[in-house]
Amino acid sequence: MAQLQTEGAQADMAEVRIPEMATIDQIMGIMEEAGVCSKDNFKSAMQSGTFAEGFVGDIPTEKVHYRLEGYLFPDTYKFIKDDSVKGATRAIQQMLKRMDEKFPESMRKKAAEQGSNMHNILTMASIVEMEASSHPDEMANVAAVFYNRLKWNEAKLLGSSPTANYPYGDGRYNTNKTEGLPPGPLCAPSENAIKAALNPTEGFTATYFVTDSDMQFYYNSSLADHNKTIQTLKNKGKWLG
């Protein structure tokens, strides 16, 4: 940064957009394509680099596939092009700093008061993001459905179809087969998804939801009603399944 402030000094920069719902694999590809750093150097820095944010030390690295999956906040950045592990570390530090700003101590305290933590909130937020990415107004309801499923007396399967597509973890991230929350986030959740995961709709009793071909959301509190909704959508030609 001192070099950039020196008169006449120039650094090769790249403006990079990390989209909401991006996975680590996608982020590595974006960074390499933009000429910021190679995938290999990014991966090395991500998995073993030292970073300023204290929450990095709280990540259960023995459980997750990628150490920082879900922690690199999706936004537009200006990175110095430096294809080295040090350069990749610097770029990752910028994204972690942005996450620290978007998920401040006050939010971490609220998560703790709810019996949760930042890691679990980001994990839930990533699922909400995959289910309702372009519908932020539905995210708090979707989060409530999944939290309700964690409490019900049946097998605590979240049943989120997109989680079945996560390519790592030998099925541990697949909420159709594994009970409870996955080991960690599956993508980079947006600010809206994070807020929804921390603040699900109060008093929302639904345990099922489905969307139609127009991406309208339908919620139900029983499997029977859920199946009726699906049949109605099929009859109207609006079923996505």
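Modeller: Buried means under 20% relative accessible area, exposed means over 50%, and partly exposed is what lies in between. This is a predicted model.

Biologist: Then why is M215 called partly exposed?

Modeller: Its relative accessibility is 30%. Partly exposed runs between the 20% and 50% limits, so M215 belongs there.

Biologist: Where is M215 placed?

Modeller: M215 sits in the loop between β3 and β4. These two strands form a hairpin with 5 residues between them.

Biologist: What is notable about the phi of M215?

Modeller: Phi is positive, about 60 degrees, yet M215 is not a glycine. In general, most residues other than glycine have a negative phi.

Biologist: Which residue in the loop between β1 and α2 can be set beside it?

Modeller: M21 lies in that loop. Phi of M21 is also positive, near 80 degrees, and M21 is not a glycine either.

Biologist: How do you know that M21 is partly exposed?

Modeller: M21 has a relative accessible area of 32%. The partly exposed range lies between 20% and 50%, so the label follows.

Biologist: And what makes L186 buried?

Modeller: The relative accessible area of L186 is 2%. The cut-off is under 20%, so L186 counts as buried. L186 is in the loop between α7 (139-151) and α8 (191-198).

Biologist: Which residues does L186 touch, not counting those up to four places away in sequence?

Modeller: T23, E69, S126, I127, M130, T163, Y166 and Y173. L186 and T123 are 63 residues apart in sequence, but their C-alpha atoms are 7.0 Å apart in space.

Biologist: Why are α6 and α7 called oblique to each other?

Modeller: Their axes cross at roughly 125 degrees and come within 9 Å. Roughly perpendicular stops at 115 and roughly antiparallel begins over 145, so this angle is oblique. The crossing is right-handed.

Biologist: Which residues meet there?

Modeller: I121, M124, I127, V128, E129, E131 and A132 come from α6. M139, V142, A143, F146, Y147 and L150 come from α7.

Biologist: What makes α2 oblique to α3?

Modeller: Helix α2 (residues 24-33) and helix α3 (residues 39-48) pack at about 130 degrees, with axes 9 Å apart. That angle lies between 115 and 145, so α2 is oblique to α3. α2 and α3 cross right-handed. Residues in the contact include M28 and M31 of α2 and F42 and M46 of α3.

Biologist: Which residues have the most contacts inside the largest nonpolar core?

Modeller: M31, F42, L68 and I92, in a core of 62 residues. Helix α6 (residues 118-132) gives the most to this core, with 9 residues. Beyond its sequence neighbours within four places, I92 contacts F42, A45, M46, F51, L68 and L72.

Biologist: How do you know that β1 pairs with β2?

Modeller: 5 bridges join β1 to strand β2 (residues 76-80). A pair needs at least two bridges, so β1 and β2 qualify. They run antiparallel, and V16 stands opposite Y77 in β2.

Biologist: On β1, which side chains are buried and which are not?

Modeller: A14 and V16 point to one face and are buried. M13, E15 and R17 point to the other and are not.

Biologist: What is the arrangement on strand β3 (residues 208-211)?

Modeller: Both faces are covered. Y208 and V210 are buried on one side, F209 and T211 on the other. 4 bridges join β3 to the antiparallel strand β4 (residues 217-220), where Y218 stands opposite V210.

Terms used:
Residues numbered from 1 in each chain as written. Predicted model: local features only at pLDDT ≥ 70, side-chain atom pairs only at ≥ 80, totals over all residues. Heavy atoms only, no water. Buried < 20%, exposed > 50% of the residue type's maximum accessible area, 1.4 Å probe, protein only. Core = buried A, V, L, I, M, F, W, Y, C linked by side-chain atoms within 4.5 Å. Contact = heavy atoms within 4.5 Å. Axes fitted to C-alpha atoms, helices over the stretch in contact; angles between N-to-C directions. Parallel < 35°, antiparallel > 145°, perpendicular 65-115°, else oblique. Left-handed = near helix turned anticlockwise from the far one by under 90°.
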